[in-house]
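Reader: Please take one part of this model and go through it closely, moving outward from a single residue to the surroundings of its chain. I would also like to hear where the coordinates call for caution.

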Amino acid sequence: MSSLIAWILRAIPFGTIIMYGAMGEIVTEKSGNLNLGVPGIMYLGGFAGFASAYYYENLTANPNPVLSVVIALLCALIASTLGGLIYAFLTITLRANQNVTGLALTTFGMGVANFFGVFILNGSSYSAAPLANKAFAAKIPVLSGLGTVGQVVFSYGFLVYAAIVLAIVLFWFLSRTRMGLNLRAVGENPATADAAGINVTRYKYVATLCGAAISGVGGLYYVLDYNQGIWATTEQIEALGWLAVALVIFTTWKPLNAIWGAYLFGMLYWLYQFLPSLMGISVPSYATDLIQMVPYVVTILVLIVVSLRRKKENQPPASLGIAYFREER
Amino acid sequence: MTKATQTVHEPLLRIAKRDGIPFGKKVLVRAVAILLALVVDALFIFFVTGLNPLAVYGVMYQGTFATPVRISWALRDLATLLCVGIALAPAFKMRFWNIGGEGQVLIGGLATALTMVYLGSSLPAPLLFVAMFVASAAAGALWGFIPAWFKSRWNTNETLFTLMMNYVATSIVACMTNIMRGQASSLGTLNKATKAGWFPVLFGQRYTINIIVVLVLTFAMYAYLKYSKHGYEIAVVGESENTARYAGINVRRVMIRTMIISGAICGLCGFLIVAGKDQTISTTSAGGRGFTAIIVAWLAKFNTFYMALISFLLVFLERGASEIASAYSLNEYAADIITGVILFFILGSEFFINYRVVLRGETHKEGK
Amino acid sequence: MAQTQYAIRLEHVTKTFGGVAANQDISMQIRRGEILSLLGENGSGKTTLMNMIAGIYYPDEGQIYVNDQLADIRSPRDALALGIGMIHQHFKLVDVFTAVENIALGLPKGERFDLRRVRDKARAICEKYQFALDLDQKVYEMSVSQKQTLEIVKVLFRGADILILDEPTAVLTPQETERLFEVMRNMRADGKAVIIITHKLHEVLEISDRVAILRRGCYVGDVLTADATEASLTEMMVGKKVELDIERPEPKDPVRRLAIQNLTVYNAEGIKVLDDVSFDAYGGEILGIAGISGNGQKELLEAIAGLQHAAPGSDVKFFPPEREHQPMELLGKTPRAITEAGVHLSFVPEDRLGMGLVGSMGMTDNMMLKSYDAGHSPLVDRKAPQELAKEIKEELGVVTPDLNTPVSRLSGGNVQKVLVGRELAASPIVLMTAYAVRGLDINTSYTIYRLLNEQKKKGVAVLFVGEDLDVLLQLCDRILVLCGGRVNGILDGRTATKEEVGLRMTNLVKEDAEQ
């Protein structure tokens with residue numbers, strides 16, 4: 001039982017990272033843009049959030065935790081939005097190939113985060129922003145103390161709950177609002193949206209920028225909460241970014257599915273550590289390496305099942321990956 | 001009323017599609033893009049480090065050209081990157097988004113390493129090399145075959161499928177290296193004592209064979225795509241599956257065959273990395289080349305000679321950046337930034353080759 | 001001159017695509033409370049002109065006045081704001097959306113977003129014009145005419161009082177067309193300006209008040225429909241009086257080449273698109289296939305060519321020359337297997353650049369599309385295809401800068417010449433053509449008729465899927481009418497009347513035909 005709880009306590013924060021990444025990518029893909037720069041954007045968000053919090057803590061005499069949260073969030077949003085802007089300008093305005101541009105953005109974001117990260121590390125193997133970490137990871141007071149339920153449900157940083165709220169808001173936005181309807185139309189059939197008087201370019205830009213901003217929060221959450229506010233081995237962000245892309249497929253482009261899908265991915269990802277002890281068996285370390293592929297294999301299976309069933313509602317946005325040019329003949 | 005020659009409220013800028021552009025102009029557009037990118041990179045270097053950008057570029061140049069050994073290193077890296085690019089070219093020409101080069105290289109490298117370790121002492125050298133070659137190509141081919149089979153049957157999205165296959169390969173490599181290393185903390189060099197399965201030294205370097213193999217592949221793939229029946233089929237399938245079926249081309253077979261070839265060459269690249277370059281295997285053996293090579297293949301429009309040029313540019317930047325890193329005690333991630341900027345500019349410059357911007361009041365003189 | 005009555009006035013509008021003027025210095029007016037037919041051959045620039053009014057294209061030169069105000073229409077949104085709504089030939093609908101969602105697309109801000117209110121208002125419009133439309137149905141489940149109805153409701157919902165319909169009847173049955181015309185008359189009565197793009201003369205005469213004619217991108221003029229006849233309109237449309245008689249030699253010793261029995265085909269969605277089709281085709285004759293587009297013509301030809309799976313029980317037999325007693329089964333064979341079995345089957349598909357040719361390749365590479373695999377060498381031989389390309393270029397007068405210029409850059413007529421030229425060069429025994437003259441100018445069309453007749457005289461069995469009944473009746477020896485995927489009679493081309501064929505293309509006559 002206790003290892004199950006420990007498993008859940010690990011899976012939910014893990015899931016939250018990729019949930020942000022995936023929700024951002026859902027918004028982006030709903031506009032017809034397949035942004036493979038998610039890992040790069042998460043790097044940018046994570047780095048900017050950490051760097052700002054770090055400098056705020058170290059350069060201010062009496063740093064305020066709330067202010068540090070605000071500063072970190074703001075910087076993460078701005079940095080990841082700028083990353084999204086590069087992608088948006090190249091693919092929407094200049095109509096560059098989306099896959100290639102996304103991959104270039106991943107290279108770029110990784111480079112920026114790691115290059116400037118060195119200035120913060122300044123020779124040491126890791127540096128930390130403990131105050132920001134405390135603020136980001138603060139559990140819900142009182143409720144988190146209510147036994148097992150309190151522990152499992154209420155003992156996470158606020159971004160975990162914000163992610164759930166955001167998923168619900170996105171669901172409502174996409175299915176119930178004018179702009180959500182218009183956005184989906186842009187991703188399905190931009191020519192139709194255009195003829196209906198929707199500004200396709202603006203929608204694509206806004207969706208891509210907002211999507212990048214949301215994805216960036218995933219990187220921020222990784223560094224300042226999940227990774228205990230430590231800037232050190234950051235290679236994992238790339239893997240998490242790709243896992244977020246996988247999660248988008250798993251959700252069949254529906255934000256509500258991202259909630260349970262992300263936690264399921266978290267459970268699967270940590271399967272190797274908790275399942276053996278839960279079942280009371282010991283597994284050699286090489287087998288744990290193998291179990292790590294489970295989330296990806298599950299995603300592949302979902303991909304196959306979706307393609308097999310061909311249900312129209314579960315398909316990717318119809319114009320995903322295709323640039324739109326009105327005067328195309 | 002007199003004939004109006006101009007509209008009143010025309011938008012300031014409009015975009016119109018081009019009908020082809022002379023070769024010289026194409027080259028010019030790209031050259032300008034690279035130049036602009038280098039200027040942006042110079043600004044970046046200057047503002048971040050305060051260093052004289054020209055001096056920095058000078059040092060970068062040294063990174064590749066300072067000594068013959070460095071040139072040979074650059075050629076080695078060029079060969080590795082180009083090899084993956086060559087592997088991806090037929091798939092991309094078929095409009096099959098093989099994002100799985102990374103995994104195909106890894107699994108090929110793993111197959112090579114396993115053959116080296118477990119057959120290294122029992123097989124004579126020539127046979128061992130054959131076994132390594134076959135194992136690596138087969139493993140890579142399998143990694144290419146799986147997504148292709150599903151795509152050909154149920155139109156399963158190959159971009160996402162191949163992407164996921166990378167991580168499956170990574171897990172398997174992690175698992176197998178874990179088994180191979182036993183109690184040791186890392187795998188280390190394979191067959192250190194016997195050097196079984198290591199490429200022989202040619203002209204002073206073990207990786208000379210890598211360079212030769214990739215050189216041959218460059219010509220072979222160019223010819224394959226341009227002059228062979230298979231290459232023709234790939235081009236037709238890439239343009240329109242309907243046309244391919246109409247022409248009697250078995251689309252499924254071409255798709256699977258091409259992905260087997262693409263995967264096999266990726267696997268072969270893993271072979272070259274393990275036998276000619278690293279003499280070991282790890283989850284980072286492919287080093288992101290599976291992704292970079294996509295950009296190489298795409299920008300070169302699948303022409304292997306252009307691919308060599310672009311690969312060279314990227315390798316030059318990478319080596320240059322690590323040279324800056326050691327000379328100015330920066331770090332080599334600068335290479336990723338500089339590369340990213342250059343790629344952005346080249347990608348953006350394609351726009352000016354395919355479209356033209358019409359200013360307000362400008363009429364279509366060239367059209368009439 | 002009372003200018004206030006003009007809904008739209010165009011002044012010297014020009015639009016150029018890649019050096020070719022699609023519209024050249026066009027000035028015309030559209031009044032309120034009238035139905036204007038915009039008449040012209042395929043490729044005469046009708047759609048381009050209307051697209052500029054609807055904000056899809058922006059004119060290179062000239063001005064557009066809406067309600068006598070100089071208008072700057074940069075996007076469909078601008079057009080809608082000016083009360084201009086266009087129903088495109090290719091529907092602009094989102095497949096996975098319901099009808100209501102499609103109507104709600106792009107509604108201007110201001111009003112509170114409420115799908116229920118949209119539904120109520122849309123229902124009121126449906127009732128006013130008597131549209132039968134399930135507003136909660138997904139578009140991908142709708143029939144073509146339902147989709148078109150939805151398009152009209154959409155435009156009316158946005159309060160358009162200038163409506164442009166781009167070839168709305170091309171996909172409709174005569175009954176549906178009649179209903180559409182009724183709707184258009186109601187709109188006219190409402191004081192709206194209605195423009196219908198068409199090249200069907202009888203519809204022009206039936207529905208419109210005035211006819212404006214375009215020819216090769218230029219404005220020819222306009223006439224009141226009351227003063228026009230089919231002959232006078234044709235003359236304006238094509239520039240000179242057209243010799244409508246097409247050569248039709250008597251078939252010489254027709255030999256049975258194809259026997260189609262109980263051919264049934266289901267499409268990817270599982271809908272029956274060909275239903276128990278049986279007929280024979282003979283060498284030395286042209287068999288016309290008539291029908292409203294989308295009634296199984298495409299699937300019929302593709303099934304014979306080995307590109308469609310036929311349901312069990314279907315049968316297509318080919319009778320080889322000299323060995324007529326040894327028929328050969330074609331179903332179940334791939335196109336490659338059919339060729340390898342020695343069946344010279346040539347096929348000019350409807351989608352020229354999407355199926356018959358590779359747009360990004362030049363003439364030479366396109367010549368070898370079906371023959372590249374010949375011989376045992378792993379390399380392709382480009383010598384013979386290049387010779388053939390040269391030959392076709394000269395004989396058919398293909399205008400192309402170079403044999404390696406991508407064929408997608410050639411004009412529609414030249415593209416078709418390349419395709420037909422290649423298919424005829426394969427010395428066919430059976431030749432199938434789908435809409436072989438669609439979008440071609442008169443001269444090219446006659447070249448195609450001549451080539452088909454040459455094949456017929458050589459003893460080739462020609463299957464000619466066409467849309468223009470006049471052509472079908474003057475070119476073909478027999479005419480098979482398809483309706484809802486079924487054979488609705490095979491008529492003698494020399495005695496059948498236009499009305500007879502037209503009637504059989506609709507469902508109504510089917511019952512009679514079967515009795």
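Author: Two residues are taken to be in contact when their C-beta atoms, placed from the backbone, lie within 7 Å of each other. The model is a predicted one, and the part chosen here is chain C, beginning at C:Leu300.

C:Leu300 belongs to helix α9 of chain C, which covers residues 297–304. Setting aside the neighbours within four places in sequence, C:Leu300 is in contact with C:Leu274 and C:Val277. A related distance concerns C:Val273, which is 27 residues away from C:Leu300 along the chain, while the C-alpha atoms of the two are 9.0 Å apart. C:Leu300 counts as buried because it has 29 C-beta neighbours inside 10 Å, where 20 or more are required.

The domain assignment divides chain C into domain 1, residues 3–238, and domain 2, which is made up of 254–344, 429–436 and 460–515. Taken over C-alpha atoms, the centres of domain 1 and domain 2 of chain C are separated by 35 Å.

Further along chain C there is a hairpin of β19(C) and β20(C), with 2 residues between the strands, and in this hairpin C:Gly484 adopts a positive phi near 55°. Strand β19, residues 478–483 of chain C, pairs with β20(C) in the antiparallel sense over 5 bridges, and one pair of bridge partners is C:Leu482 with C:Val487 of β20(C). Strand β20, residues 486–492 of chain C, is mostly covered, since 5 of its 7 residues are buried.

Chain C also holds an open sheet of 6 strands with mixed pairing, in the order β6-β7-β8-β3-β9-β10. Its edge strands, each of which pairs on one side only, are β6 (84–87) and β10 (218–224) of chain C, and from one strand to the next the twist averages 20°. At the β6 edge, β6(C) runs parallel to strand β7 (residues 162–166) of chain C, and 4 bridges join them; among the residues involved, C:Gly85 has C:Leu163 of β7(C) as its bridge partner.

Outside its own fold, chain C touches chain A, with 19 residues of chain C in contact with 21 residues of chain A. On the side of chain C that touches chain A, the elements giving two or more residues are α2 (76–81) and α3 (99–104) of chain C, and α2(C) provides the largest share, 3 residues. The residues of this side divide into 13 nonpolar, 2 polar and 4 charged.

Chain A is also met by chain B, where 38 residues of chain B are in contact with 39 residues of chain A. On the side of chain B that touches chain A, α6(B) gives the most, with 13 residues, and the residues of that side comprise 25 nonpolar, 10 polar and 3 charged.

As for caution, chain B averages a pLDDT of 85, and 93% of its residues score at least 70. Among the elements of chain B, the mean pLDDT is lowest in β1(B), at 70, and highest in α5(B), at 94. Over residues 1–9 of chain B the pLDDT stays under 50, although the model has 16 contacts beyond four places in sequence for them; residues 363–368 of chain B are likewise below 50, with 8 contacts beyond near neighbours in sequence. Where pLDDT is low, the predicted coordinates should not be read in detail.

Methods: Residues numbered from 1 in each chain as written. Chains lettered and ligands numbered in written order. Predicted model: local features only at pLDDT ≥ 70, side-chain atom pairs only at ≥ 80, totals over all residues. Buried ≥ 20, exposed ≤ 12 C-beta atoms within 10 Å, placed from the backbone. Pairing = 2+ DSSP bridges. Domains from an automatic or database assignment. Nonpolar A, V, L, I, M, F, W, Y, C, P; charged D, E, K, R; others polar. Axes fitted to C-alpha atoms, helices over the stretch in contact; angles between N-to-C directions. pLDDT = per-residue confidence, 0-100.
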